[in-house]
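Thanks for coming. I will go through one structure today, starting with its open spaces and ending with the annotations from the record.

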Amino acid sequence: MSTSANPKPKRRRRGPPKHGPTPTSPMVATVGAMVAHEVGGEGARRDARQAPPLARVVGTTARGISSGVEGARGAEGSASNAGRSAHDAGGVDGSHLTETRFDQCAISPLSLKAVKDAGYERMTQVQEATLPIILQGKDVLAKAKTGTGKTVGFLLPAIEVLSALPRTTSINLLVMCPTRELANQVAAEAKKLLKYHRSLGVQVVIGGTKLPQEQRSMQANPCQILVATPGRLKDHLENTPGFSTRIKGVKVLVLDEADRLLDMGFRRDIEKIIAFIPKERQTLLFSATVPEEVRQISHVAMRKNYEFINTVQEGDEETHSQVNQTYMIVPLDMHFSILYNVLKKHVMEDAEYKVIVFCTTAMVTKLVAEVLSQLKLNIREIHSRKSQSARTKVSDEFRKSKGLILVSSDVSARGVDYPDVTLVIQVGLPADREQYIHRLGRTGRKGKEGQGILLLAPWEMHFLSTVNDLSLSEAAAPSVDSSIQAVVKDAVRRVEMKSKESAYQAWLGYYNSNKTISRDKARLVRLAEEFSQSMGLAVPPAIPKLILRKMGLSNVPGLRSA
Ligand SMILES: Nc1ncnc2c1ncn2[C@@H]1O[C@H](COP(=O)(O)OP(=O)(O)OP(=O)(O)O)[C@@H](O)[C@H]1O
């Protein structure tokens, strides 16, 4: 197949050249009047030449948002006068940190000691920008690129708030996370920061573990900090005696990956949970992506006069410039061969390789993992259909190891901090632009280099228009000789029929839920047949009637029902 025939999507590059230093500072913008201020509290006063003033603005209205952007441009001006470039502050050469040290900030000696033990000396941009504002008791919506320390950004000031409260058995800080892996990780970071705060503790409640066990542990040792996934938290609200009373003590609520928690998948649960928590609280929303809709609905969680702190400068991209992003357009029947080829090359070139391959659904993830395992690559598999203990084991192993390829569904897309990931491959349509950015963000963390490849079929190219402001360029798919094709075909053949049937069904469900693809059902059926052929099947598997009905695909010609 020729890839050069594919038109390159139009770029909407708005900012300065990507690889040169940008004469701007971290941008903290929003709505209303703009205020220049110092970051870091009393101890953080710095020479204006060292660090620029940050602009911040309060509140949110549609009108305000556009005026906020203009305000931000103004802020860039003053920042450039202050003489520090974004490159210096956030970038390629490992200096993703600001000049501000934690010991210049108004934080307690206990926290400072723990921060030092964790190996953190200087603050990242988002930490520098949010800490003083959170310590003032304000609600904050913060946007900062992936892997730039948002977790410490909300945990550290929240712990400071908690340490001043009298000890009770109430929950004072509630952190909500969209995935179990992320919840565990946030709790681990909290434990680090709590090292010397002996009277404060953290507990995790996540789905996939035994509810009675969590209930017993909460009863035996009621902690002030709770990190939870929404479904399990709701379970506790409904089924754990005394829990709804304990949660009335929440003083700080954090929605990590806020845009994900407020989207349609979680929104109802979040609203129900918020209804149990006192209105008199401080709320912190953090994410690498804050689409317009999230700002519109942030009132669900936050007070009207919240502050939007955006460390992604106007004109800069939401992804990291040190991550090389490419896409390949390849027909479905070549996806396994190309994927194998790309992986093999990467493994040979980089002895320290650590790769994540993202797939569209859990069952497609399983299929891809099985095919790649047949090809003798060092594969681990993680998705929502795995038991929680298997997920935790794989996640821990991947965190610590090198020389591994993690085939994953979107359970690893957000927030998970696996160090030194060398390559992220996304196979098939990402759910949306935000998911693309978060998945890519598993590499290039803490200013390190990384690589991202998006592998699409020609009919998936419409996705590129949603990311055309990012530095995503086309790469020619490597040529795959017939011997490799034969090896891959044989590997696909050896995968169990059951895995293929489940993958086909999941694939159909996923693309049927995509607005663009599902518009034309006859085409959807044809594409599903292409996918089935790519798994070596002559006839697409039959699907249970009930499932077809649920997908709204009953009586669609070309689909077989079981
Ligand atoms: N000030 C600091 N100095 C050095 N390392 C830090 C600092 N703050 C955080 N880190 C480390 O940086 C890494 C990334 O942090 P974190 O996972 O919080 O990023 P994030 O911005 O939340 O990313 P994502 O958007 O993917 O959720 C972690 O390993 C964390 O321990």
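The second largest pocket holds about 830 Å³ of space. Keep in mind that this is a predicted model. Which residues lie nearest the centre of that pocket? They are Y120, G149, E189, D417 and K446, out of 35 residues in the lining. Three elements give two or more residues each to this lining: strand β4 at 122–124, helix α5 at 150–163 and helix α6 at 180–193. Helix α6 provides the largest share, with five residues. Sorted by class, the lining of the second largest pocket has 14 charged, 12 polar and nine nonpolar residues.

Now the largest pocket. Its space comes to about 1400 Å³, and 48 residues line it. Those nearest its centre are R260, D263, A431, D432 and Q435. Which helices supply at least two residues each to this lining? The list is α8 (230–239), α10 (258–261), α11 (264–276), α12 (292–297), α14, α16, α18 (497–512) and α19 (515–518). By class, the lining of the largest pocket divides into 18 nonpolar, 15 polar and 15 charged residues.

Please remember α14 and α16 from that list, as both come back with the sheet.

The sheet is open and has seven strands. In what order do the strands stand? Reading across, the order is β14-β15-β13-β16-β17-β12-β18, and the pairing is parallel. The edge strands, each of which pairs on one side only, are β14 at 379–382 and β18 at 472–474. On average, neighbouring strands of this sheet are turned by 20° against each other, with direction ignored. As general background, strands of a sheet pair through backbone hydrogen bonds, and this can be parallel or antiparallel.

Take one end of the sheet in more detail. Strand β12 covers residues 323–329 and is joined to β18 by three bridges, the two strands running parallel. Within this pair, T326 of the chain stands opposite S473 in β18.

Two helices go with the sheet. Helix α14, residues 362–374, lies across β14 and β15 (404–408), and runs at about 170° to β14. Helix α16, residues 433–440, packs on the sheet and touches β12, β13 (354–358), β16 (423–427), β17 (450–456) and β18. The direction of α16 makes about 150° with that of β16.

Next, the cavities. How many cavities of 30 Å³ or more are there? The count comes to seven. I will describe the second largest cavity, which has a volume of about 180 Å³. It is lined by 15 residues, and closest to its centre are L332, H335, V364, V427 and F531. Elements giving two or more residues to this lining are α13 (335–349), α14, α18 and α20 (521–534). Helix α13 gives the largest share, three residues. The lining of this cavity consists of 10 nonpolar residues, four polar and one charged. Helices α14 and α18 therefore appear in two places in this talk, as each also supplies at least two residues to the lining of the largest pocket.Last, the record. An unreviewed UniProt entry places the short sequence motif "Q motif" at residues 100–128. Over that span the chain is 45% helix and 17% strand, and the end C-alpha atoms are 7 Å apart. The same kind of record gives "Helicase ATP-binding" as a domain at residues 131–308, again from an unreviewed entry. Residues 131–308 are 45% helix and 16% strand, with end C-alpha atoms 13 Å apart. UniProt also lists the domain "Helicase C-terminal" at residues 342–488, in an unreviewed entry. That span is 33% helix and 20% strand, and its end C-alpha atoms lie 13 Å apart.

That is the end of my part.

How values were computed
Residues numbered from 1 in each chain as written. Predicted model: local features only at pLDDT ≥ 70, side-chain atom pairs only at ≥ 80, totals over all residues. Heavy atoms only, no water. Pairing = 2+ DSSP bridges. Helix = DSSP H or I, 4+ residues; strand = E, 2+ residues; numbered from the N terminus. Axes fitted to C-alpha atoms, helices over the stretch in contact; angles between N-to-C directions. Contact = heavy atoms within 4.5 Å. 1 Å grid on protein atoms, 1.4 Å probe; cavity = no way out; pocket = protein on both sides within 12 Å on 5 of 7 lines; lining within 4 Å. Points joined across faces, edges and corners; volume = space filled by probe spheres on them. Nonpolar A, V, L, I, M, F, W, Y, C, P; charged D, E, K, R; others polar. UniProt positions renumbered as here; feature names shortened; annotations may be inferred.
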